[in-house]
Amino acid sequence: MIKIERHSQIIRYLETHNVLSIAEIAEILKCSEETIRKDLIELEKQNRLKRTRGGAYLENIYDRGFGNYIKKELMKDEKNYIAIMAMKRIKAKDLIIMDSSTTCVELAKNLIDKKIYVSVITNSLEIANLCSTSENINLIAIGGEFHNKTNSFIGHQTLDMIKTYRADIAFVSFPTIDMEFGLGENNIENLKIRKNMLKHSKNKILLMDHTKFTDESAVIFTEIEGIDTIITDQEPSKEWKNLLLGKEIEVES
């Protein structure tokens, strides 16, 4: 297959599936992964797609962040690793609050598998649906205005409900983390929700895979201060470790 045909097939596939991995498109087009990797680089230079680790997606011109439907297909092993690490922090009868991040979805799956008796507060429709099937989880689903991109509820009703609770642990995952600006988001409502989940919890834990330490997609930020722990899948750089140590934030990887 000549290059122009491959490019056309790649874009057509993305228009239907939203996201692709290099491995799956190489198998579909019957060519090497290296060839597809070069194709994606060229198509990104033409502003026809955005590359990610191991794949690509079509960008919404009005929103620089990834939708959950994209995030679920990427970094699966890393997210599961972080979820397993986070499980060590949870005790029976804890009241846990979780945001709508795909890493928290993995954490919810682990909670269900381990059959720990806990209460879960969440604004995530997917996490609520998962937890509703478990006899070991007391589910507190937070409603509000539905946000399709993150498959979650946002808005003042959601915030009002969060503020009525005092959780033992908050597990939250911001899209990015920046040395100068702090924790980054792309949606002001999601920023408010994550900030309040942390504020209304005794133990504040961030679940952040290593790519979030270099991601520059965020447009609004909040301070890092007040976080107890960051759980990640790779040891951060020395510069990052020194910065977090100065803020008395534990890093586990």
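User: Which helix holds Glu15?
Analyst: In this predicted model, Glu15 belongs to helix H1, which covers residues 3-17.

User: Is Glu15 buried or exposed?
Analyst: Glu15 counts as exposed, because its relative accessibility is 55% and the cut-off for that class is over 50%.

User: And how far is Glu15 from Ala141?
Analyst: Their C-alpha atoms are separated by 33 Å, and the two residues are 126 apart along the chain.

User: Switching to the whole chain: how many helices and strands are there?
Analyst: The chain contains 10 helices and 15 strands.

User: What does the radius of gyration say about the overall fold?
Analyst: The chain has a radius of gyration of 19 Å; a compact globule of 253 residues would be near 18 Å, so the value agrees with that expectation. Along the principal axes, the C-alpha atoms fill a box of roughly 60 × 40 × 35 Å.

User: What share of the residues is buried?
Analyst: Of the 253 residues, 51% count as buried. The chain exposes about 12800 Å², and carbon and sulfur atoms supply 48% of that area.

User: What about contacts between distant parts of the sequence?
Analyst: Among contacts between residues at least 6 apart in sequence, 60% join residues at least 24 apart.

User: Now the interior. Which residues touch the most other members of the largest nonpolar core?
Analyst: That core has 27 residues, and those touching the most other members are Phe174, Ile177, Leu206, Ile224, Ile227 and Ile230. The elements giving two or more residues to this core are strand S4 (95-98), helix H8 (156-162), strand S9 (167-172), helix H9 (188-199) and helix H10 (238-246).

User: Which of them gives the most?
Analyst: H9 does, with 4 residues.

User: What does Leu206 touch?
Analyst: Leaving out residues up to four places away in sequence, Leu206 touches Val172, Phe174, Leu183, Leu198, Ile227, Thr229, Ile230 and Ile231. Another core, of 25 residues, lies apart from the largest one, and its members include Ile96, Cys104, Val120 and Ile231.

User: On to the backbone. What is notable about phi at Lys30?
Analyst: Lys30 is not a glycine, yet its phi is positive, at about 60°. Lys30 sits in the loop between helix H2 (22-29) and helix H3 (33-45), and it counts as exposed because its relative accessibility is 72%.

User: And what about phi at Asn47?
Analyst: Asn47, not a glycine either, has a positive phi of about 60°. Asn47 is in the loop between H3 and strand S2 (50-52). With 71% relative accessibility, Asn47 counts as exposed.

Conventions
Residues numbered from 1 in each chain as written. Predicted model: local features only at pLDDT ≥ 70, side-chain atom pairs only at ≥ 80, totals over all residues. Heavy atoms only, no water. Rg over C-alpha atoms; globule rule 2.2 N^0.38 Å. Buried < 20%, exposed > 50% of the residue type's maximum accessible area, 1.4 Å probe, protein only. Contact = heavy atoms within 4.5 Å. Areas by Shrake-Rupley, 256 points an atom, 1.4 Å probe, with all protein chains shown as cover. Core = buried A, V, L, I, M, F, W, Y, C linked by side-chain atoms within 4.5 Å.
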